[in-house]
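Work through the exercises below with the sequence and the coordinates at hand. Each task is followed by a solution in steps.

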Amino acid sequence: MSPAPLAVEVVDLGKSYGDRRAVDGVSLGLARGEVLALLGPNGAGKTTTIEICEGFRRPDSGTVRVLGCRPTDPALRPRVGVMLQDGVGGYTAASALELLRLFASYAARPQSPTELLDAVGLREVAGTAVKRLSGGQQQRLSLALALVGRPELVFLDEPTSGMDPQARRGTWELIRAMRSDGVSVVLTTHFLDEAEQLADQVVVMDAGRVVAAGSPAELTRSGAEGQIRFRAVPALRLDLLVDELPAGTRVREEQPGRYVVIGDVTPQLLATLTAWCASQHVLAEELAVERRSLEDVFLDLTGRELRA
């Protein structure tokens with residue numbers, strides 16, 4: 001059986017602006033019904049990549065297929081939802097409900113505008129002019145506009161920017177619900193915890209190139225040492241413990257009775273550690289496994305903080 005076609009397939013994509021190479025040989029793929037998070041510092045090329053996938057820019061080289069079509073194919077438009085960074089555009093005098101009804105009128109099978117306003121937490125401001133909405137409320141309305149046509153694929157550019165924590169969590173739940181319904185999502189975000197929580201696959205770009213790709217678990221695990229911290233009686237014979245642990249594992253007593261084991265943290269390592277403590281009649285207390293976060297991975301790869 002042949003594999004299902006990808007929702008988004010980008011192969012060796014290139015785009016230049018004058019002498020500046022904004023996108024340089026980028027390849028990535030998004031499976032149907034999954035969430036892909038595209039990360040990178042400002043100037044990494046992620047916005048240009050997304051705009052080419054959306055059909056707003058033309059590539060200089062490479063191939064792009066979106067739901068099996070060229071991004072500029074008019075037949076693709078009803079199948080794709082786009083949430084832009086600049087929000088709702090120029091319809092600032094219309095109310096939130098009026099604007100959502102207008103966009104619903106363009107769709108063959110629109111979602112209920114009032115139900116969508118409920119879903120994004122805007123029912124109470126349905127009659128408020130767009131220009132009077134807060135920045136976070138406009139973001140939520142922009143999300144609703146992207147979803148009203150029941151798209152198969154959604155591009156979300158910084159979807160939770162400017163939102164308060166409650167609205168941000170609500171947006172996460174909406175994205176999870178879309179994924180459960182089989183909608184494919186391409187997400188750009190400056191919030192690394194957002195990518196870690198939502199994405200099936202993460203692509204990290206820097207200077208126009210892909211510098212890492214994989215699931216959040218793969219990226220945080222690959223090439224990284226984990227740590228196990230625990231508390232026990234002071235002055236354990238750590239040389240004896242190291243002899244029992246896998247080669248390359250290091251153990252030190254940071255403070256009297258406070259220990260850290262550094263290495264490839266696996267279930268076997270954890271079991272060996274606790275078994276050795278038991279053989280020494282030592283109770284390992286406050287045992288905690290620590291791994292690097294997606295933010296740690298990002299900083300290792302780019303050497304910069306992710307800035308809005």
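Helices (H or I, at least four residues) and strands (E, at least two) are DSSP runs, numbered from the N terminus. The model is a predicted one.

**Exercise 1.** Determine which element gives the largest share of the lining of the second largest pocket.

Solution.
1. List the lining: Arg109, Gln111, Leu116, Ala119, Leu147, Arg150, Pro151, Leu174, Ala177, Met178, Asp181 and Val183.
2. Assign residues to elements: α3 (113-119) and α5 (165-180) are the elements that give two or more residues to this lining.
3. The largest share comes from α5, with 3 residues.
4. Sort the lining by class: 8 residues are nonpolar, 1 is polar and 3 are charged.
5. The space in this second largest pocket is about 220 Å³.

**Exercise 2.** Find the strand order of the open sheet formed by 4 strands, and state which strands stand at its edges.

Solution.
1. Start with β10 (residues 226-231) and β13, which pair in the antiparallel sense over 4 bridges. Within this pair, Gln227 has Glu290 of β13 as its bridge partner.
2. Next, β10 also pairs with β12, again antiparallel, over 6 bridges. Here Phe230 is matched with Tyr259 in β12.
3. Then β12 pairs with β11 in the antiparallel sense over 5 bridges, and Val251 has Val261 of β12 as its bridge partner.
4. Joining the pairs gives the order β11-β12-β10-β13, an open sheet with antiparallel pairing.
5. β11 (250-255) and β13 (285-290) are the edge strands: each has a single partner strand, so one side of each lacks a neighbour in the sheet.
6. On average, neighbouring strands of this sheet are turned by 20° against each other, direction ignored.

**Exercise 3.** Describe the hairpin of β11 and β12, and say how many residues of β12 are buried.

Solution.
1. The hairpin has 2 residues between its strands, and Gly257 takes a positive phi near 85°.
2. For burial, the cut-off is under 20% relative accessible area.
3. In β12 (residues 258-263), 5 of the 6 residues are buried, and the strand is mostly covered.

**Exercise 4.** Count the disulfides, and explain why Cys69 has no such bond.

Solution.
1. A disulfide requires two cysteine sulfur atoms within 2.5 Å.
2. The closest cysteine sulfur to that of Cys69 belongs to Cys53, and at 13 Å it is too far for a bond.
3. By the 2.5 Å rule, the count is 0 disulfides.
4. As for burial, Cys69 counts as buried at 16% relative accessibility. Cys277 is also buried, with a relative accessible area of 1%.

Key
Residues numbered from 1 in each chain as written. Predicted model: local features only at pLDDT ≥ 70, side-chain atom pairs only at ≥ 80, totals over all residues. Heavy atoms only, no water. Buried < 20%, exposed > 50% of the residue type's maximum accessible area, 1.4 Å probe, protein only. 1 Å grid on protein atoms, 1.4 Å probe; cavity = no way out; pocket = protein on both sides within 12 Å on 5 of 7 lines; lining within 4 Å. Points joined across faces, edges and corners; volume = space filled by probe spheres on them. Nonpolar A, V, L, I, M, F, W, Y, C, P; charged D, E, K, R; others polar. Pairing = 2+ DSSP bridges. Axes fitted to C-alpha atoms, helices over the stretch in contact; angles between N-to-C directions.
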